Amino acid sequence: MTKKIAVLPGDGIGSEIIEQAVRVLKALDIPLEIEHAPVGGTAYDLHGHPLPPSTLKLAQESHAVLFGAVGDWKYDKLPREHRPEQAILGLRKSLGLFANLRPAILYPELANASSLKPEIVSGLDILILRELTGDIYFGTPRGIRTATDGPFAGSKEGFDTMRYAEPEIRRIAHLGFQAAQKRSRKLCSVDKANVLETSQLWRDTVIEVAKEYPDVALTHMYVDNAAMQLVRAPRDFDVIVTGNLFGDILSDEAAMLTGSIGMLPSASMNASGQGLYEPSHGSAPDIAGKGVANPLATILSAAMLLRYSLDHDAQAKRIEQAVQRVLQQGFRTADIYEAGMTKVGTAAMGDAVLKALG
Ligand code: IPM
Ligand code: MN
């Protein structure tokens with residue numbers, strides 16, 4: 001059966017990197033129906049909304065979404081509901097993409113790219129599982145109002161609500177344990193249970209779910225300590241499961257440990273296997289249109305798409321091996337360039353991957 005893929009390039013370097021990933025998908029001989037739609041600031045300019053109904057409808061009707069990146073400084077002054085970021089938040093919420101997989105892998109060929117010493121970081125391979133549709137990101141009430149009590153009564157105050165329902169914690173915890181079972185059977189749950197009620201329920205619930213996974217060693221860590229341990233001894237971690245806000249922060253930190261955020265893909269999935277796949281990096285408006293962006297994170301996101309939403313594990317591996325091969329061959333975009341390597345632009349990197357696919 002032909003599978004439908006929604007391709008949403010977005011802003012900044014989005015269209016350049018997506019183009020290369022689409023070339024790779026088309027080279028695979030899998031029957032795919034690929035349809036493009038605007039999203040983010042690009043969609044706002046065209047339709048007055050960062051997530052137009054036609055784009056959302058296409059995403060909902062597709063087996064998977066391949067997403068580029070959204071955001072540009074020029075939209076910073078817009079009211080929040082019209083900013084590009086609302087597109088990705090809206091897609092996550094309306095497709096119910098509660099499970100966000102963010103691998104942080106240090107490729108041996110790029111060992112020098114990390115800002116940490118090789119003896120601390122070489123061989124790093126961790127998976128951050130971030131809950132993506134709850135927490136303070138979506139909790140209500142929220143807003144800006146006049147404070148009616150406390151020492152600042154009468155002043156303007158901003159407020160948000162951190163909240164998690166038990167089933168919401170349970171379903172992401174299950175995925176955390178299942179991911180750990182497929183790896184080294186170590187799961188670290190990150191919270192702030194020394195301060196937050198939400199985190200207390202998080203921790204209690206994860207401990208409850210752990211009873212179903214006696215083969216997995218569960219540890220708990222406060223988020224401030226986790227941020228510290230990630231730079232002190234990152235290889236002590238294997239799978240980390242955490243909430244939306246902590247996961248946002250820790251996944252950026254983990255990505256940077258590899259020194260090459262331009263290499264890291266991500267997957268956001270719902271309960272029925274539908275997923276959105278995007279590079280871990282942003283829209284990089286400073287280098288947009290120059291043909292120098294690294295397309296590998298997006299190409300690797302397409303591999304994740306094949307594996308998790310289309311059940312084409314062999315084809316996913318083919319892409320991953322092709323990427324490994326171009327690194328071995330010395331091809332480097334500017335973000336991962338080292339002396340002695342072959343510096344290439346976005347399209348030439350795409351060419352190299354296509355060639356390595358065989
Ligand atoms: C991410 C991004 C988003 C987030 C923004 C763009 C809304 O930082 O995917 O990590 O905070 O989740
Ligand atoms: Mn982020």
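Strands β4 (residues 99–105) and β11 (residues 265–269) run antiparallel and are joined by three bridges. In this predicted model, Leu101 of β4 stands opposite Ala267 in β11. Strand β4 also pairs with β5 (residues 125–131). That pairing is antiparallel too and comprises seven bridges. Here Arg102 stands opposite Ile128 in β5. Strand β4 is mostly covered, with six of its seven residues buried. In a regular strand, side chains alternate between the two faces of the sheet.

Helix α11 covers residues 313–328. Its 16 residues, at 1.5 Å each, should span 22 Å, the expected span being 1.5 Å times one less than the number of residues. The C-alpha atoms at its ends are 22 Å apart, which agrees with that expectation.

Seen from its surroundings, α11 has a covered side and an open side. The buried residues are Gln315, Ala316, Ile319, Ala322, Val323, Val326 and Leu327. Viewed down the helix axis, they fall within an arc of 140°, so they line one face of α11. Several elements contribute to their cover, including α1 (14–26) and α10 (296–308). Strand β13 (331–332) and helix α12 (346–357) are also among them. On the other side of α11, Asp313, Ala314 and Gln328 are exposed. Just after the helix, Gly330 adopts a positive phi of about 95°.

How values were computed:
Residues numbered from 1 in each chain as written. Chains lettered and ligands numbered in written order. Predicted model: local features only at pLDDT ≥ 70, side-chain atom pairs only at ≥ 80, totals over all residues. Helix = DSSP H or I, 4+ residues; strand = E, 2+ residues; numbered from the N terminus. Buried ≥ 20, exposed ≤ 12 C-beta atoms within 10 Å, placed from the backbone. Arc of directions from axis to C-beta. Contact = placed C-beta atoms within 7 Å. Pairing = 2+ DSSP bridges.
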